[in-house]
Amino acid sequence: MGITGPSWSRRIAAIAALDDGNRRALYAYVLGAGVAVGRDEAAEAMALPRSTASFHLDRLVEEGVLRVEFRKAPGKAGPGSGRPAKFYLAAMDEVSASIPERHYDLAGDVLASAVSEAINAGMPIKDALLEVARRKGGEAGRPGDFLGALTDIGYQPVADGGGYRLRNCPFHRLSMNHQDVVCTMNGAFLKGAAAASGQDPDCVVPDEGPGHCCARIARAEAPARA
């Protein structure tokens with residue numbers, strides 16, 4: 001797993017959609033049901049008029065919070081039973097976002113995977129951390145567009161004297177108390193993303209100091225224009 005799940009902008013839109021109390025309640029109901037939910041069922045459960053429930057459910061679909069499937073309602077199969085009805089399922093099992101963008105779930109996945117590999121393979125934890133972080137970074141790379149991959153992840157690269165400074169650390173809060181571990185992981189992750197994007201991993205160099213990521217990109221090629 002590299003950077004998975006909805007994009008940052010989609011998560012922000014989802015949170016905006018859930019600003020309404022009825023939509024929050026409907027999302028919680030559909031998520032908790034664990035099965036596809038019809039409009040009539042949702043309206044009855046939330047004590048809402050069917051038209052109101054339908055409006056809010058469809059708004060959640062538009063924002064990617066819920067998804068729709070069409071099928072015949074139970075007990076209405078066979079010829080003459082009418083058109084398939086609309087049912088709703090959760091498209092996101094949780095909705096969260098941060099400004100600036102952070103990826104603590106990714107850090108947790110890398111660290112947990114490293115511990116697991118170290119235990120199972122009997123290898124030093126630092127070696128396992130470097131290996132897993134590079135691999136996860138590779139999954140987040142974008143062939144031919146390293147800067148685009150960095151932007152997708154939330155590093156906010158800006159041109160800086162022949163290279164790029166990374167204005168945001170996606171693991172900022174963790175790095176405050178666990179700098180050695182997190183910066184080691186971050187450097188290996190970036191090298192993996194660089195390699196997968198067709199860049200020399202050695203373009204990732206340390207850049208210690210406040211207000212930005214602990215690494216910078218010493219050089220990187222912009223994607224070729226079509």
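**Figure 1. Phe171 is tucked away in this predicted model.** With a relative accessible area of just 1%, Phe171 is buried. Phe189 counts as buried too, at 2% relative accessibility. These residues make up the one aromatic pair that the structure holds. The arrangement of Phe171 and Phe189 is edge-to-face, with 6.5 Å from centre to centre and 90° between the planes. Phe171 sits in the loop between β5 (163–166) and α8 (172–177), while Phe189 belongs to helix α9 (residues 179–196), so the pair ties together parts that are 18 residues apart in sequence.

**Figure 2. Here is the open sheet of four strands, in the order β4-β5-β7-β6.** The pairing in this sheet is antiparallel. At the edges stand β4 and β6 (204–206), each with a single partner strand, so one side of each has no neighbour in the sheet. On average, and ignoring direction, neighbouring strands of the sheet are turned by 40° against each other. Look at β5 and strand β7 (residues 215–217) for a close-up of the pairing: two bridges hold them in the antiparallel sense. Arg165 stands opposite Arg216 in β7.

**Figure 3. Helices α7 and α9 lie across strands of the four-stranded sheet.** α7 (146–153) lies across β4, β5, β6 and β7. Its direction is at about 130° to β4. α9, the helix that carries Phe189, lies across β5, β6 and β7 and runs at about 160° to β6.

**Figure 4. Strand β3 (residues 85–90) pairs with both β1 and β2.** Strand β1 (residues 37–38) runs antiparallel to β3, joined by two bridges. Strand β2 (residues 66–71) is antiparallel to β3 as well, and six bridges join this pair. Which residue in β3 is the bridge partner of Val37? That is Tyr88. Val68 stands opposite Tyr88 too, so to speak on the β2 side of the pairing.

**Figure 5. Ser54 makes its contacts from inside helix α4 (residues 50–62).** Is Ser54 buried or exposed? Its relative accessible area is 12%, so Ser54 is buried. Leaving aside neighbours within four places in sequence, Ser54 is in contact with Arg39 and Tyr88. Tyr88 should look familiar: this β3 residue is the bridge partner of Val37.

**Figure 6. The charged end of Arg71 sits over the ring of Phe87.** The distance from that charged end to the ring centre is 4.8 Å. The strands in this view are β2 (residues 66–71) and β3, which run antiparallel.

**Figure 7. Arg83 sticks to the outside, in the loop between β2 and β3.** Its relative accessible area is 80%, so Arg83 counts as exposed. Measure from C-alpha to C-alpha and Arg83 is 8.9 Å from Phe70 in space, with their positions 13 residues apart in sequence.

**Figure 8. Ala47 and Gln156 have a positive phi although neither is a glycine.** Most residues other than glycine have a negative phi, which makes these spots worth a close-up. Ala47 comes in at about 55°, and Gln156 at about 55°. Where is Ala47 found? Ala47 lies in the loop between α3 (39–46) and α4. This alanine is exposed, with a relative accessible area of 68%. Gln156 is in the loop between α7 and β4 (157–160). At 32% relative accessibility, Gln156 counts as partly exposed.

**Figure 9. The last view pulls back to the whole protein, with its nine helices and seven strands.** Of the 226 residues, 38% count as buried. Among contacts with a separation of 6 or more, 59% come from residues 24 or more positions apart. The protein exposes about 12,200 Å², and carbon and sulfur atoms supply 53% of that area.

How values were computed
Residues are numbered from 1 along each chain as its sequence is written. This is a predicted model: local features need pLDDT of at least 70, side-chain atom pairs count only at pLDDT 80 or more; totals for chains, interfaces and linings use all residues. Side-chain values use heavy atoms; hydrogens and water are left out. Buried means under 20% relative accessible area, exposed over 50%, partly exposed in between (1.4 Å probe, protein chains only). Contact means heavy atoms within 4.5 Å. Accessible areas come from the Shrake-Rupley method with a 1.4 Å probe; for residues, only the protein chains shown count as cover. Two strands pair if DSSP finds at least two bridges between them. Rings of Phe, Tyr and Trp (its six-membered ring) pair if their centres lie within 6.5 Å; planes under 30 degrees apart count as stacked, over 60 as edge-to-face and the rest as tilted. A charge sits over a ring if NZ of Lys or CZ of Arg is within 6 Å of the ring centre and within 35 degrees of the ring normal. Axes are lines fitted to C-alpha atoms, for helices over the stretch in contact, and angles run from 0 to 180 degrees between N-to-C directions.
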